[in-house]
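User: Hi! I'd like to learn how to read a pocket and a helix contact in a model like this one. Can we go through them together?

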Amino acid sequence: MPVMTIEQMNRFLAEHFPQGEKFGVLTGLGDSWAEMKLPVDDDHLRPGGTVSGPSMMALADVCMYAALLGQIGPVALAVTTNLNINFMSKPEAGRDLLARCNLMKVGKRLAVGEVWIRSEGCEELVAHTTLTYSIPAER
């Protein structure tokens, strides 16, 4: 069961990670999962008019952070130790990105999850990410 509600998580993120707002908006939080939306604007685009890889990586990373903290509570110093991303297709022009993280394992010191990213209104996968987070010993 999640230990934080979406409202609690949004307050925590606003207080402890306010710069994360430019990487997406938390839209759902549940038992071992989180969903986010990235309202794409010019700051997220690379030459050629597609969403940049770093923007998608940041969206995936913050989505995993929210899913993990939803399970273990407000542990600000949980950090990414590994992020692998596969870019599957070009995001649809003019559409926001949607991300969903599912936690695969949450242990005492490490957590592993997957994030799928799609263009809003499309079924085709834009990117698939696997992440590992380190959880501090003292929570």
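Analyst: Sure, let's start with a sorting rule: Ala, Val, Leu, Ile, Met, Phe, Trp, Tyr, Cys and Pro count as nonpolar, Asp, Glu, Lys and Arg as charged, and the others, Gly among them, as polar. Keep in mind that this is a predicted model.

User: How do the residues lining the largest pocket divide under that rule?

Analyst: The lining has eight nonpolar residues, three polar and one charged. Among the lining residues are Phe17, Pro18, Glu21 and Met36.

User: How do people find empty space, and how much is in the largest pocket here?

Analyst: Rolling a probe the size of a water molecule over the atoms reveals where space is left empty. Here, the largest pocket holds about 200 Å³.

User: Which element gives the largest share of the lining?

Analyst: That's α1, with three residues. Both α1 and β1 (25–30) give two or more residues to this lining.

User: And at what angle do α1 and α2 pack?

Analyst: Helix α1 (residues 6–16) and helix α2 (residues 53–72) pack at about 120°, their axes 11 Å apart. That angle makes α1 oblique to α2. Met9, Phe12 and Leu13 of α1 meet Tyr65, Ala66, Leu69 and Gly70 of α2. Sorted by our rule, this contact has six nonpolar residues, one polar and no charged.

Key
Residues are numbered from 1 along each chain as its sequence is written. This is a predicted model: local features need pLDDT of at least 70, side-chain atom pairs count only at pLDDT 80 or more; totals for chains, interfaces and linings use all residues. Side-chain values use heavy atoms; hydrogens and water are left out. Axes are lines fitted to C-alpha atoms, for helices over the stretch in contact, and angles run from 0 to 180 degrees between N-to-C directions. Helices (H or I, at least four residues) and strands (E, at least two) are DSSP runs, numbered from the N terminus. Angles under 35 degrees count as roughly parallel, over 145 as roughly antiparallel, 65 to 115 as roughly perpendicular and the rest as oblique. Contact means heavy atoms within 4.5 Å. On a 1 Å grid over the protein atoms alone, a cavity is a set of points where a 1.4 Å probe fits but cannot get out, and a pocket is an open set with protein on both sides within 12 Å along at least five of seven lines; lining residues have an atom within 4 Å of a point. Grid points are joined across faces, edges and corners, and a volume is the space filled by probe spheres set on the points.
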